[in-house]
Each structure stands twice: as structure tokens, then as C-alpha cells.
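Visitor: I would like to go through this protein piece by piece. Please show me the sequence and structure first.

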Amino acid sequence: MTGKEIEYISDLLNLNKLSGNGYYTQKCHDFFETTYGFNKCLLTTSCTDALEMAAILVDIQPGDEVIMPSYTFVSTANAFVLRGAKIIFVDSRSDHPGMDEHAIEKLITPRTKVIVPVHYAGVACNMDKIMEIADTYNLFVIEDAAQAIDSYYIGNDGKKRILGSIGHLSAFSFHETKNIISGEGGMLVINEDRFKTRAEVIWEKGTNRASFFRGEVDKYGWVDLGSSFLPSEIIASFLFAQLESLDEIQNKRLVIWNYYNTSLESVNTYGIKTPFFPSYSTNNAHMYYLVMPDIKTRTKFIDYLKQNGVHSVFHYLSLHKSPFYHKKYKGEKLKFTENYANKLVRLPLYASLSEQELNKITQTILTFCNEFC
Ligand SMILES: *Cc1c(COP(=O)(O)O)cnc(C)c1O
């Protein structure tokens, strides 16, 4: 917390406007549009909602195919399954949990409509390659940038581009597990003009209310599909307080991330891997993870840390093997997805972690390695 959250929430009581699309929502949109140059932003109640809006915007029809990694959160898939799409899962890279851009092309069929790169841990997917494939086959690209705030892709042309600005649409999360938070919260970024008007309609329950308030139409009504995707001003005001401290939060997280990476350098000699960054990605310090040699060691590692007062957690179970989707999945074995599902473990990372706590965590890990690896 930055301390300003409560101040802005009480300010709202004076403004007398608590529902969505008010003063603080506008402040948040302006922040993102000026700080990162996003074409148009719409706050949502979650990244899940932003992804659902994106699925409506690209007009997903039953039977359409959507390519995405299996190593991701369920919302990436649900948003499209809700509209009748079939999910085509692609494997992770060998050196990173992000999607393997070289495994995409062979999965494309005449029914393919969208590719969804997920910037896992804020690490960019290979966007030049993915956009090139999308261009060739006339597909949409929807970035799941839930974890990717303030992270950049460095293109083949050497230019740095903010993640979320490259695909046709992209979705961010402000869930409390992310870098910038509002409890629950998210945002849709619209990078192409052709989606702007319809996005506002879908956002406002399928009505043209936003144009009405701008005085563009003299009454508003039901014009399209939609839902209540916009968050209340209470959430937006909380989020704005966080955004004002974005640099401070990010700097603290980077210090912690670098502390881990330096102190844990030697774990590589025990067959434990530290995070890999492709040359085209920057680091937004969303997550510090280790990849253990096998699932047995990981279970033992998590237990050992727990006994020593350190909370570490594993991450996604692969979606193609999930109870909901495994019968529908007809593709090949996803070797690297399974690798990360079995071996990846995340360490505590939040802005208020003290150096003393960090020292304790890293010492505990090094002791574990000495004794058990
Ligand atoms: C957190 C997360 C989501 C969901 O975000 P919510 O705001 O909780 O809906 C979706 N995709 C990825 C990759 C995430 O990490």
C-alpha cells in the first residue's frame, strides 16, 4: 500500500459519484495513455473480464480456434471457451515458461482466429515472430499481459515497445497478486481504432451510454452484446493511488528481484535453474521463480521452506490436462509445459519485503541445497 489509497477513497465521498467511468477511472485511463502511449484503455473489474471483452470484440464464433499456451491461468482460456471457441494449446519454450513461438505455425488451420501470447512473469513473448505469423494467416493477437505491467519488448528493429501495445488488444490485471493492485481489477487496451467504439459499448452493458455522455447521441439504448465490465470508482481511486507510486513500487521490486538473483547464483550448480530472459525482454520484477530438478525435490523444497517460516508456492497445472479440458484436448504431449508444471516454484516477492527477511529466505534455500540436492 502507498498510503494514498484511503485518501482517494474518502475524496470520492465528496465527489458523490461511486459508479464506474467517473473522475478516477478517467485519471487511470489518462495515466496509462500518457505514461505508456496506449491508444485507448478501459478499466475492467478484472483481467478475466478484459479477456472476455476481447473475445467479444474479435467476434469469436462457436468452433473458432484460439492458440495459447497451456501453461497459463484458466481465464486466458475461459474467455474464449465461453464464446464457443476450441482452444489449441501450444508448448512452453525449453528455456522459459512463455509460449514457444516456433511451435505455433503448425497448429494453424482454416478455423484459427486468434493467438494469445501470455507474457509469463512479465517476460515478453517473441512478438516480432508472433505478429509476423498473425499477419501471414490474418489472425488477431490478444496479449495476456496480466503480469506484464511496465515491461518492454525489444524488437528486431532495436526499438523498445511496452508490452500490451503490440497485439490488436491486450489485457492487464490489478489482482492483489500482481505488481500494481486494486484488490480485483483489470484493464483492456485497444490498440486499433476500429475496436474503440464497440469496446465502449461492450464495456457499458451493450449500450451507447459513453457516446451519450459525450453528447454524440441524444439518447442511449441497447445496441450490441455487452456486460457490466467497468469497475466502480472506489476501485479506480484505489488503483490511481497505486499508479502514482508505480516507479517506487517497481524500483523496490527490482531491488528484491536482483537480491534473489545475486544471492542464489550458486543454486545452478545443484541443477536448479534461475529465471532466463530472452534478449528481447526487459524485467518488470513480477516474479522470482526457480525450476527444481524434479517434482520430488520441489515438494521437499516447499515443505522445508515452510518449516522455516518461508511461504513458497508452485504455479500453473497445465490446462490441457485439467479436469475440465483434458478430454477435449487432442494434441501432442506438451513436454515443456509439464516440465514447468512439475518443477517451477515461486519465492515471496512484494515491495515491503525487508533485507533481513530476504537474507533469511536465501540462506534457508542455500542450506536446503547443501543438505538435499
Ligand atoms: C492473474 C492472471 C489472470 C487473471 O487476472 P484477474 O485480474 O484475476 O482476472 C489472467 N492471466 C494471467 C496470465 C494471470 O497471471
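Visitor: How many residue pairs are in polar contact across the interface of domain 1 and domain 2?
Guide: This is a predicted model, and the count takes only pairs with both residues at pLDDT 80 or more. A polar contact needs N or O atoms within 3.5 Å. Across the interface of domain 1 and domain 2, the rule finds 25 residue pairs.

Visitor: Which element gives the most to the side of domain 1 that touches domain 2?
Guide: Several elements supply at least two residues each to that side. They are α4 (74-81), β3 (86-90), β6 (152-154) and α8 (233-244). With four residues, the top contributor is β3.

Visitor: How do the residues on that side of domain 1 divide into nonpolar, polar and charged?
Guide: The side of domain 1 in contact with domain 2 has 46 residues. They divide into 24 nonpolar, twelve polar and ten charged.

Visitor: How many salt bridges are there between domain 1 and domain 2?
Guide: Charged residues do occur on the domain 1 side, ten of them. A salt bridge needs a Lys or Arg side-chain nitrogen within 4 Å of an Asp or Glu carboxyl oxygen. Between domain 1 and domain 2 the count is zero.

Visitor: What area do domain 1 and domain 2 bury between them?
Guide: Domain 1 spans 5-244 and domain 2 spans 246-372. Of the area they bury, 58% is on carbon and sulfur atoms. The total is about 3500 Å².

Visitor: Which residues of domain 1 lose the most area to domain 2?
Guide: Three residues together account for 20% of what the domain 1 side buries. They are Y71, F89 and N179.

Technical notes:
Residues are numbered from 1 along each chain as its sequence is written. This is a predicted model: local features need pLDDT of at least 70, side-chain atom pairs count only at pLDDT 80 or more; totals for chains, interfaces and linings use all residues. Side-chain values use heavy atoms; hydrogens and water are left out. Domain bounds come from an automatic or database domain assignment. Contact means heavy atoms within 4.5 Å. Buried area is the accessible area (1.4 Å probe) that two parts lose on being put together, summed over both. A polar contact is a pair of N or O atoms within 3.5 Å; within protein, one must be able to donate a hydrogen and the other to accept it, and residues adjacent in sequence count only if both atoms are side-chain atoms. Ala, Val, Leu, Ile, Met, Phe, Trp, Tyr, Cys and Pro count as nonpolar, Asp, Glu, Lys and Arg as charged, and the others, Gly among them, as polar.
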